[in-house]
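Work through the exercises below with the sequence and model open. Try each task before reading its solution.

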Amino acid sequence: MKFFLDSANVEEITRVMSWGVVAGVTTNPSLVAREGKEFMPLLKQICSIVPGPVSAEVLSEGADDMVAEARELAAVADNVVVKIPLTADGLAATRELSAQGIKTNLTLAFSPVQAMLAARSGATYASLFIGRLDDVGACGLSAVAETVRNFQAYAVGTRVIAASIRNVGHVEGAMSAGADYATVPFRVLSDCLHHPLTDQGIEKFKADWEKAMK
Ligand code: G3P
């Protein structure tokens with residue numbers, strides 16, 4: 001499984017990219033709004049920091065408007081992936097964008113069949129929202145696992161992104177489910193990296209070494 005950072009915060013993105021293990025970044029309108037900055041310059045800045053895919057979402061609702069907005073976003077940088085909401089207009093827009101060679105990330109998917117519709121529209125990625133499914137008493141990880149099985153069974157090229165990740169368990173569950181990517185908030189990615197026993201082990205090694213080398 002590969003990792004995306006789910007963030008529009010330049011400091012978080014810069015810090016995580018220095019780790020050398022994250023393939024790209026996903027943003028959404030809420031994450032961008034949180035930064036209080038103008039969108040297009042922020043997107044350009046993020047794309048200059050991140051060598052891999054950077055997902056940026058359209059706000060338009062009609063297919064033609066989505067296509068026009070998507071083309072503007074794609075023109076910002078070569079590594080922009082356009083996020084399109086999973087609606088009828090979103091599917092139509094994605095079909096057109098796919099024909100134009102613009103990469104797309106079909107977002108706000110909450111079921112395996114929505115994900116399959118995304119795949120049939122030519123989407124590059126489909127984002128299944130684990131946390132929000134759990135919030136309503138469903139099992140987000142099951143939706144991811146079933147989508148992965150379906151895509152393998154039908155040799156679908158669209159890659160599965162486990163999204164709406166709230167904790168390390170979601171990341172580990174996404175790996176077990178066979179997701180191609182997990183897009184992870186900075187706090188959760190830090191929790192994935194840090195384990196108290198690792199820190200304790202480092203301290204003990206140092207203490208034993210210093211004691212022996214006295
Ligand atoms: O950015 C897409 C997705 O990961 C956001 O999910 O539920 O944290 O808003 P959520």
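**Exercise 1. A loop residue**

Where is Val76 found? Then decide whether Val76 is buried or exposed.

Solution. Start with the ground rules. This is a predicted model, in which local features need pLDDT of at least 70, side-chain atom pairs count only at pLDDT 80 or more, and totals for chains, interfaces and linings use all residues. Residues are numbered from 1 along each chain as its sequence is written, and side-chain values use heavy atoms, with hydrogens and water left out.

Step 1. Val76 is found in the loop between α4 and β4. Helices (H or I, at least four residues) and strands (E, at least two) are DSSP runs, numbered from the N terminus.

Step 2. Val76 counts as buried because its relative accessibility is 15%. Buried means under 20% relative accessible area, exposed over 50%, and partly exposed in between (1.4 Å probe, protein chains only).

Step 3. Now find Gln45. Val76 and Gln45 are 31 residues apart in sequence, and their C-alpha atoms are 9.8 Å apart.

**Exercise 2. From the loop to a helix**

Which backbone oxygen lies 3.3 Å from a polar side-chain atom of Asn79?

Solution. Step 1. Place Asn79: the loop between α4 (63-74) and β4 (80-85). Asn79 has 14% relative accessibility, so it counts as buried.

Step 2. The partner is the backbone oxygen of Cys47. A polar contact is a pair of N or O atoms within 3.5 Å; within protein, one must be able to donate a hydrogen and the other to accept it, and residues adjacent in sequence count only if both atoms are side-chain atoms.

Step 3. Cys47 belongs to helix α3. Cys47 is buried because its relative accessibility is 9%.

Step 4. Compare sequence and space. Cys47 and Asp64 are 17 residues apart along the chain, with 25 Å between their C-alpha atoms.

Step 5. Stay in helix α3 (residues 39-49), which also holds Leu42. At 2% relative accessibility, Leu42 is therefore buried. Val10 is 32 residues from Leu42 along the chain, and the two C-alpha atoms are 8.3 Å apart.

**Exercise 3. A side chain and a backbone oxygen**

Why does Thr94 count as buried? Which backbone oxygen lies 2.7 Å from a polar atom of its side chain?

Solution. Step 1. Thr94 sits in helix α5 (residues 88-99).

Step 2. Thr94 counts as buried because its relative accessibility is 0%.

Step 3. The backbone oxygen is that of Gly90.

**Exercise 4. Positive phi**

What is the phi of Leu108, and what is that of Ala155?

Solution. Step 1. Recall the background. Most residues other than glycine have a negative phi.

Step 2. Leu108 is not a glycine, yet has a positive phi of about 60°. Leu108 lies in strand β5 (residues 104-109). Its relative accessibility is 30%, so Leu108 counts as partly exposed.

Step 3. Ala155 is not a glycine either, and has a positive phi of about 50°. Ala155 is in the loop between α8 (140-153) and β7 (159-163). Ala155 counts as exposed because its relative accessibility is 67%.

**Exercise 5. The ligand site**

Which residues are around the ligand? How far from a ligand oxygen are the polar side-chain atoms of Asp6, Asn28 and Arg132?

Solution. Step 1. List the shell: Asp6, Asn28, Lys83, Phe129, Arg132, Ala163, Ser164, Arg166 and Thr183. A residue is near a molecule if one of its heavy atoms lies within 4 Å of it.

Step 2. Sort by class. The shell has 2 nonpolar, 3 polar and 4 charged residues. Ala, Val, Leu, Ile, Met, Phe, Trp, Tyr, Cys and Pro count as nonpolar, Asp, Glu, Lys and Arg as charged, and the others, Gly among them, as polar.

Step 3. Read the distances. For Asp6 the value is 2.6 Å. For Asn28 it is 2.8 Å. For Arg132 it is 2.7 Å.

Step 4. Check the cover. The ligand alone has 310 Å² of accessible area, and the protein covers 84% of that. Accessible areas come from the Shrake-Rupley method with a 1.4 Å probe; for residues, only the protein chains shown count as cover.

**Exercise 6. The whole protein**

How many helices and strands does the protein have?

Solution. Step 1. The count is 11 helices and 8 strands.

Step 2. The protein has 214 residues, of which 48% count as buried.

Step 3. The C-alpha trace spans about 75 × 40 × 30 Å along its principal axes.
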